[in-house]
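Work through the exercises below with the structure open beside you. Each task is followed by a worked solution.

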There are 2 protein chains.
Amino acid sequence: MTDAVHRTPGDWVCDDNAALFTDLYQLTMLQAYFAEGMHEEAVFDLFIRRLRKRNYLVACGLEPCLHFLETFRFTSDHLAYLDTLGLFKPDFLTYLADVRFTGDVYAVAEGTPVFGGTPLLEVVAPIGQAQLVETFLLNQMTFQTNLATKAHRVRHAARGRAVSDFGMRRMHGTDAALKAARACYIAGIQTTSNVLAGQRYGIPVLGTMAHSYIEAHATEADAFRAFAGLYPDTTLLVDTYDALDGVRALIALCREPGEAFRPGALRLDSGDLTTLAREARRLLDEAGLDHVKIFASNSLDEQEITRLLDAGAPIDGFGVGTRLGTVADLPYLDSVYKLVEYAGEGRMKMAPDKATVPGRKQLYRVYDGEKAVRDVLALHDEAPGGEALLHCVMRGGQRTEAGRPRSLDALHADAEAALRRLPDHLLALEETDTPYPVVLSDGLRIRRDRVRAMLEQRMDV
Amino acid sequence: MTDAVHRTPGDWVCDDNAALFTDLYQLTMLQAYFAEGMHEEAVFDLFIRRLRKRNYLVACGLEPCLHFLETFRFTSDHLAYLDTLGLFKPDFLTYLADVRFTGDVYAVAEGTPVFGGTPLLEVVAPIGQAQLVETFLLNQMTFQTNLATKAHRVRHAARGRAVSDFGMRRMHGTDAALKAARACYIAGIQTTSNVLAGQRYGIPVLGTMAHSYIEAHATEADAFRAFAGLYPDTTLLVDTYDALDGVRALIALCREPGEAFRPGALRLDSGDLTTLAREARRLLDEAGLDHVKIFASNSLDEQEITRLLDAGAPIDGFGVGTRLGTVADLPYLDSVYKLVEYAGEGRMKMAPDKATVPGRKQLYRVYDGEKAVRDVLALHDEAPGGEALLHCVMRGGQRTEAGRPRSLDALHADAEAALRRLPDHLLALEETDTPYPVVLSDGLRIRRDRVRAMLEQRMDV
């Protein structure tokens with residue numbers, strides 16, 4: 001047997017199989033709609049039910065959703081598999097081969113700050129199609145919005161100091177790590193250790209060195225000399241054996257004659273970072289090395305960065321990994337995708353803790369001077385005033401001008417501008433007592449009450 | 001412009017670009033080793049530093065790692081990108097084009113229970129190669145081991161009742177959702193809503209229906225009738241408007257003449273599940289529908305399932321989603337990949353909170369009768385007794401017999417057998433006061449002390 005025979009196909013999700021990236025019930029419901037001849041237009045809202053531990057969210061994940069909507073296809077392989085399940089009839093599988101997304105999508109731009117209960121995305125399409133795409137849209141929007149939000153908090157906590165995404169090794173899989181680097185960039189963390197994200201998105205990549213590199217050399221000084229020789233201005237990791245001894249070794253090398261050894265920074269990755277950073281700064285400054293910066297990592301997040309900076313730790317940059325990359329304090333958002341209209345008639349769920357607001361909508365942001373003061377969720381054709389945040393990004397299954405891919409720099413610039421217009425108190429890390437107001441327009445409130453009455457009456461019949 | 005022109009390439013990680021799925025420093029260190037002529041054999045251990053909130057872990061993720069090791073390649077596209085970074089020299093990029101993984105891998109089988117501080121994986125390879133693959137191995141092993149562990153806890157809490165993985169919509173991306181379904185299966189949650197996982201792995205797929213399907217119909221009864229007509233024995237979601245009214249509607253349909261309406265179960269997805277399940281059971285039993293099962297979902301995890309069953313909730317099956325799929329109570333494990341030997345000489349990190357144990361190792365599990373009583377971490381060529389858990393799965397970059405892909409059923413069966421041999425008290429959901437003992441063999445302890453002394457002496461020189 002040759003080498004090739006042993007190779008197993010990889011377990012990847014990509015354009016070839018993304019159509020199957022769905023919950024089974026989306027397909028059984030699609031067949032039911034097909035069998036019942038129910039092809040009327042439906043409206044689904046994707047939103048985060050309510051904020052927890054956050055005062056705002058940063059919407060993210062739209063671009064991969066649009067790509068999916070314009071490309072997913074069921075291939076003969078997919079249909080052959082579905083046929084084995086004993087759930088699907090031949091005429092449905094024939095129909096499924098031709099299913100495309102032909103609907104409209106309205107969405108807030110990536111990077112836009114959003115709040116609980118308002119649509120990040122609204123899908124208007126024949127009901128089976130609109131339902132079918134739920135799983136992929138939720139999967140992408142949920143974690144990317146969560147990541148972008150966390151990244152913005154971390155970046156804000158760093159008070160202008162450099163922050164880099166170092167989290168790919170403990171993120172949940174490859175897709176998470178790639179998209180997280182993108183979400184971080186949009187939210188203001190604009191370097192990453194993720195080389196693939198660098199290649200794919202043009203994000204500047206950053207790296208230092210690992211403890212193993214130091215350990216592989218006979219002495220720490222040997223390792224420093226070799227690495228800095230190859231990479232002038234690099235960052236040297238000083239805490240493999242003893243952090244302050246590492247700093248002293250670095251200083252001794254800087255004092256050697258010649259220009260060969262000129263590291264740009266040192267990195268601390270363990271211990272009491274405040275104390276170590278202070279001591280390291282003192283040693284560097286005493287040696288006339290005030291241009292050598294101090295970079296810190298090790299279980300950092302927005303809370304820890306705040307503690308370090310409040311304590312006056314002289315740290316110039318942070319590598320933030322696992323706690324950002326897994327959004328460790330809030331690993332998921334309460335995202336949902338809810339039917340709000342079918343065949344022109346409002347729909348809503350009335351379960352006490354999960355009630356929804358019926359009908360197509362527009363989301364308006366109202367400003368007082370430079371600052372946003374409230375969002376108004378309104379009927380889609382109402383005009384209560386303010387800036388409309390839902391843009392038509394796809395029409396009839398094709399991207400509109402507003403739906404074209406945009407550069408990450410453009411997305412980031414708009415995100416920055418919009419985030420600066422939030423009330424300042426929302427940027428506190430703790431949950432505010434005075435959350436940003438989101439209100440329903442008069443028109444929407446009237447419609448909600450009317451739909452509720454209609455549905456209650458219908459159930460009583 | 002045609003439709004095709006607007007299409008952007010998707011953001012996927014797959015065989016074509018997995019080589020770039022790495023932290024930048026892996027590549028800069030590889031170039032440094034290349035420049036320094038350091039190609040000696042290194043040994044790296046991948047392990048979880050210590051257990052938190054868990055009494056055991058279930059190792060998972062090896063198969064995607066082996067696939068990566070045997071397939072990753074730097075293509076000319078990759079090299080062209082790396083060239084733009086201004087960090088890499090032409091001779092290194094030429095060398096990189098030919099880099100393959102040519103090392104050996106020792107690993108515990110997927111599904112094996114493991115503990116803190118012992119290798120899940122040991123890589124023996126020229127140092128640059130061994131270092132290069134760190135990011136991918138950690139990314140895959142960390143979250144899949146975390147998922148499998150959580151899944152086993154959930155499954156144990158369900159006390160033999162059916163459990164299904166419903167989490168893909170809020171997991172962190174597509175790779176997470178695909179591999180999580182696999183991890184769940186190995187750990188004993190053997191149905192999933194994830195159709196792609198069904199196709200790729202042969203995992204039985206399961207689905208019920210969404211609230212939107214009910215809402216799209218004029219009445220709940222219309223929706224029930226249509227869906228159950230198409231899918232006999234299906235599960236009907238009863239809580240769109242009022243859960244017990246939904247149960248009554250289902251019962252009324254069952255009483256209509258004929259055989260047409262025969263649902264297998266109903267699903268509760270909101271409210272007080274214990275009370276609702278009791279009432280639903282009573283109504284069903286009074287109607288002679290004791291064969292109709294009750295399926296529950298909504299923010300479930302092992303703690304909530306335990307509460308429900310302790311309260312006597314008559315629930316026959318659980319759909320477990322977000323809290324399992326994101327491992328919400330513990331979104332990451334403290335996984336690391338550490339150099340323990342270079343050029344035949346032990347290496348260790350001595351930072352107080354992050355010290356490692358040097359040298360190649362074997363992990364032995366010692367039994368007393370049927371039950372495991374301790375693990376002994378030993379020198380790789382020591383034989384302190386017990387069952388050796390690290391198997392050679394790859395030699396010279398090629399899979400060994402032990403490294404061949406195995407069926408998920410075989411992996412699950414072995415996992416079950418091994419998990420049954422754990423001390424019973426470890427299966428408690430709370431952290432135990434008497435953790436499973438993991439000890440160092442005499443040989444390993446002597447080597448650790450010797451390496452430490454050698455390194456301390458070297459640093460003093």
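The exercises that follow use a predicted model and go from the whole chain to single residues.

**Exercise 1. Overall layout of chain A**

Task: State how many helices and strands chain A has, and describe its extent and its division into domains.

Solution:
- Step 1. Chain A contains 17 helices and 18 strands.
- Step 2. Taken along the principal axes, the C-alpha atoms of chain A fill a box of roughly 90 × 70 × 35 Å.
- Step 3. The chain is divided into domain 1, made of 13-147 + 331-460, and domain 2, made of 210-296.
- Step 4. Between the C-alpha centres of domain 1 of chain A and domain 2 of chain A there are 49 Å.

**Exercise 2. Burial and contact range**

Task: Find what share of chain A is buried, and what share of its contacts with a separation of 6 or more joins residues 24 or more positions apart.

Solution:
- Step 1. Chain A has 461 residues, and 54% of them are buried.
- Step 2. Among contacts in chain A with a separation of 6 or more, 71% are between residues 24 or more positions apart.

**Exercise 3. A helix pair within chain A**

Task: Decide how helix α3 and helix α7 of chain A are arranged where their axes approach each other.

Solution:
- Step 1. Helix α3 (residues 62-71) and helix α7 (residues 134-157) of chain A have axes that come within 8 Å and cross at roughly 160 degrees.
- Step 2. Angles over 145 degrees count as roughly antiparallel, so α3(A) is roughly antiparallel to α7(A).
- Step 3. The crossing of α3(A) and α7(A) is right-handed.
- Step 4. On the α3(A) side the contact is made by Pro64(A), Cys65(A) and Phe68(A), and on the α7(A) side by Phe136(A), Leu137(A), Gln140(A) and Met141(A).
- Step 5. Sorted by class, this contact of α3(A) with α7(A) has six nonpolar residues, one polar residue and no charged ones.

**Exercise 4. The side of chain A that touches chain B**

Task: Count the residues in contact between chain A and chain B, and name the element of chain A that gives the most.

Solution:
- Step 1. In chain A, 100 residues are in contact with 100 residues of chain B.
- Step 2. Helix α2 (residues 24-36) of chain A gives the most to this side of chain A, with nine residues.
- Step 3. By class, the side of chain A that touches chain B has 49 nonpolar, 30 polar and 21 charged residues.

**Exercise 5. A helix pair across the two chains**

Task: Work out how α2(A) and helix α11 of chain B are oriented, and which residues meet.

Solution:
- Step 1. The axes of α2(A) and helix α11 (residues 220-230) of chain B come within 10 Å, with a crossing angle of roughly 105 degrees.
- Step 2. The range for roughly perpendicular is 65 to 115 degrees, so α2(A) and α11(B) are roughly perpendicular to each other.
- Step 3. From α2(A), Gln31(A), Ala32(A), Ala35(A) and Glu36(A) meet Ala226(B), Phe227(B) and Leu230(B) of α11(B).
- Step 4. The contact of α2(A) with α11(B) has five nonpolar, one polar and one charged residues by class.

**Exercise 6. Two residues of chain A**

Task: For Val114(A) and Ala223(A), give the element each sits in and say whether each is buried or exposed.

Solution:
- Step 1. Val114(A) is in strand β4 (residues 113-114) of chain A.
- Step 2. A residue is buried if 20 or more other C-beta atoms lie within 10 Å of its own. Val114(A) has 25 such atoms, so Val114(A) is buried.
- Step 3. Not counting residues up to four places away in sequence, Val114(A) touches Leu57(A), Ala59(A), Val108(A) and Leu120(A).
- Step 4. Ala223(A) is in helix α11 (residues 220-230) of chain A.
- Step 5. With 24 other C-beta atoms within 10 Å, Ala223(A) is buried.
- Step 6. Leaving aside neighbours within four places in sequence, Ala223(A) is in contact with Tyr213(A), Ile214(A) and His217(A).

**Exercise 7. Positive phi outside glycine**

Task: Locate Ser299(A) and Lys53(B), and classify the exposure of each.

Solution:
- Step 1. Ser299(A) has a phi near 55 degrees, a positive value in a residue other than glycine.
- Step 2. Ser299(A) lies in the loop between β9 (293-296) and α14 (302-310) of chain A.
- Step 3. Ser299(A) counts as partly exposed because 14 C-beta neighbours lie inside 10 Å.
- Step 4. Lys53(B), also a residue other than glycine, has a positive phi near 60 degrees.
- Step 5. Lys53(B) is in the loop between β1 (41-48) and β2 (57-58) of chain B.
- Step 6. Lys53(B) has 12 C-beta neighbours inside 10 Å and so counts as exposed.

Methods:
Residues are numbered from 1 along each chain as its sequence is written. Chains are lettered from A and ligands numbered from 1 in the order in which they are written. This is a predicted model: local features need pLDDT of at least 70, side-chain atom pairs count only at pLDDT 80 or more; totals for chains, interfaces and linings use all residues. Axes are lines fitted to C-alpha atoms, for helices over the stretch in contact, and angles run from 0 to 180 degrees between N-to-C directions. Helices (H or I, at least four residues) and strands (E, at least two) are DSSP runs, numbered from the N terminus. Angles under 35 degrees count as roughly parallel, over 145 as roughly antiparallel, 65 to 115 as roughly perpendicular and the rest as oblique. A crossing is left-handed if the near helix is turned anticlockwise from the far one by less than a right angle, and right-handed if clockwise. Two residues are in contact if their C-beta atoms, placed from the backbone, lie within 7 Å. Ala, Val, Leu, Ile, Met, Phe, Trp, Tyr, Cys and Pro count as nonpolar, Asp, Glu, Lys and Arg as charged, and the others, Gly among them, as polar. Domain bounds come from an automatic or database domain assignment.
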